[in-house]
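Subject: Structure for you to look at, with notes on the two ligands

Dear colleague,

I am passing on the structure we spoke of, and would be glad if you read the notes below with the coordinates open beside them.

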Amino acid sequence: MQILVTGGTGYIGSHTVVELQNQGYDVVIVDNLSNSQIEVLDNIEKITGIRPAFEQFDLSERDKTDAFFKKYNNISAIIHFAAFKAVGESVQKSLEYYRNNLVSLMNLLEGMKKYSVPHMVFSSSCTVYGQPDVLPVTEETPRKEAESPYGNTKAICEDIMRDYCKSNEDINCIALRYFNPIGAHETALIGELPVGVPNNLVPFITQTAAGLREELSIFGDNYNTEDGTAVRDYINVVDLAKAHVVAIDRMLKEKQKANYEYFNVGTGEGYSVMQLVKAFIEVNKVDLKYKVVGRRSGDIEKIWADTTYGNKELGWKAEKTIEETLSSAWKWEKKVRGL
Ligand code: NAD
Ligand code: WQD
């Protein structure tokens, strides 16, 4: 059974390829390497013993996407990770973000119809909820207007899939709304490799602990939370990868309740920035210099998932502890830096 994984050399994609191969799926990756390295294929092979097929091109190019489907005519399902994902950059480069993220999805949906590929799992984000009025957020929680062009691409992609599924009974889509993915594979062979100064908390923490950054800035300690720092639901990337495999199984076994579905993928638990920093120091027995600075513009105060519906319907639950996850993040950073 062959699965197309777009963005499969990227952070979440590479972990998902490993889990798919571990479950016996045959994988073909499409990635243009705009935010990942070809060496990831070697490391996937080291972990699983299998080298996935790979095609390098840009999915926003319609002709190339069509030619891909012509060549690989035995694909059973798609997991679509490929997208630009930097929130700040998306404000400056909004058109590039809309073109890349929307057109790639549309080209794939068109290919699915034309070449009879019935199933797609799509990477959505808890960013579609904005700052929710009630916590934790369930799948019934109303979406809010996006804070950034990036966030808006996720909301629009969800709407495109919903509308396309409505008029095409032979197309099935599941959107997974990830909360905050962190950590790395336990082998430290694959992980997150941000280009330049990291925007996200955990890569900034690990790079600071590794001596690449002077000091971590904690953005705000006057939020309405227990210790005043912002709260998120941090999901281990391997747990997240496994959620994709169960979503694929659900589709292939025709267990969907509707041909467009969406699920929260989180742990159901919120951690504050300060709790996470302290847990990182304690688990890894490292020093970490940090100071509290002003709030980051556009940040929300707190969000975490109600995972009841997803746990029941998908038969999946996040398993890793925050300690295991933070330890894997540090192991990966040390490996990358040769420490
Ligand atoms: P990533 O940048 O590591 O992986 C994305 C991959 O897609 C990269 O390898 C990149 O080269 C490739 N790509 C981008 N545009 C492409 C195109 N047009 N054609 C071919 N390849 C292309 O990002 P990630 O963190 O693994 O995220 C994967 C998906 O999950 C993205 O859709 C992202 O928006 C979504 N998501 C990520 C997070 C997060 O915090 N990491 C949270 C929620 C949702
Ligand atoms: C987490 C917390 C920061 C860095 C973003 C996107 C979201 C999703 C995941 C894709 C916040 C604080 C951070 C630092 C800090 N991506 N922080 N110092 O903002 O929850 O979500 O990534 O869909 O769409 O918006 O994640 O890791 O950037 O921040 O204090 O140096 O850590 O203020 O409270 P965020 P993050």
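A polar contact is taken here as a pair of N or O atoms within 3.5 Å. With that cut-off in mind, arginine 232 places a polar side-chain atom 2.5 Å from an oxygen atom of ligand 2, which means that this pair counts as a polar contact. Please keep in mind throughout that this is a predicted model, and that the distances below are computed from it.

Ligand 2

Besides arginine 232, the side chain of tyrosine 150 brings an N or O atom to 2.6 Å from an oxygen atom of ligand 2, while phenylalanine 219 takes part through its backbone, with a polar atom 2.9 Å from an oxygen atom of that ligand. Taken as a whole, the protein covers 87% of the 690 Å² of accessible area that ligand 2 has on its own.

There are 19 residues around ligand 2, and those that come nearest are Ser125, Tyr150, Ser217, Arg232 and Asp299. As for where the shell comes from, α7 (201-209) and β8 (216-219) each supply at least two residues, and β8 gives the most, with four residues. By class, the shell around ligand 2 consists of 10 nonpolar, six polar and three charged residues.

Ligand 1

For ligand 1, the backbone supplies an N or O atom at two positions: that of phenylalanine 81 lies 2.8 Å from an oxygen atom of the ligand, and that of tyrosine 11 lies 2.9 Å from an oxygen atom of the ligand. Lysine 154, by contrast, uses its side chain, a polar atom of which lies 2.9 Å from an oxygen atom of ligand 1. The protein covers 95% of the 820 Å² of accessible area that ligand 1 has on its own.

Around ligand 1 there are 27 residues, of which Asp31, Asn35, Ser36, Asn100 and Tyr150 come nearest. Tyr150 is thus listed among the nearest residues for ligand 1 and also for ligand 2. The elements that each supply at least two residues of the shell around ligand 1 are α1 (11-22), α5 (94-114), β5 (119-125) and α6 (149-167), with the largest share, three residues, coming from β5. This shell divides into 11 nonpolar, 12 polar and four charged residues.

With best wishes

Terms used: Residues numbered from 1 in each chain as written. Chains lettered and ligands numbered in written order. Predicted model: local features only at pLDDT ≥ 70, side-chain atom pairs only at ≥ 80, totals over all residues. Heavy atoms only, no water. Near = heavy atom within 4 Å. Polar contact = N/O pair within 3.5 Å; in protein donor to acceptor, adjacent residues only side chain to side chain. Areas by Shrake-Rupley, 256 points an atom, 1.4 Å probe, with all protein chains shown as cover. Nonpolar A, V, L, I, M, F, W, Y, C, P; charged D, E, K, R; others polar.
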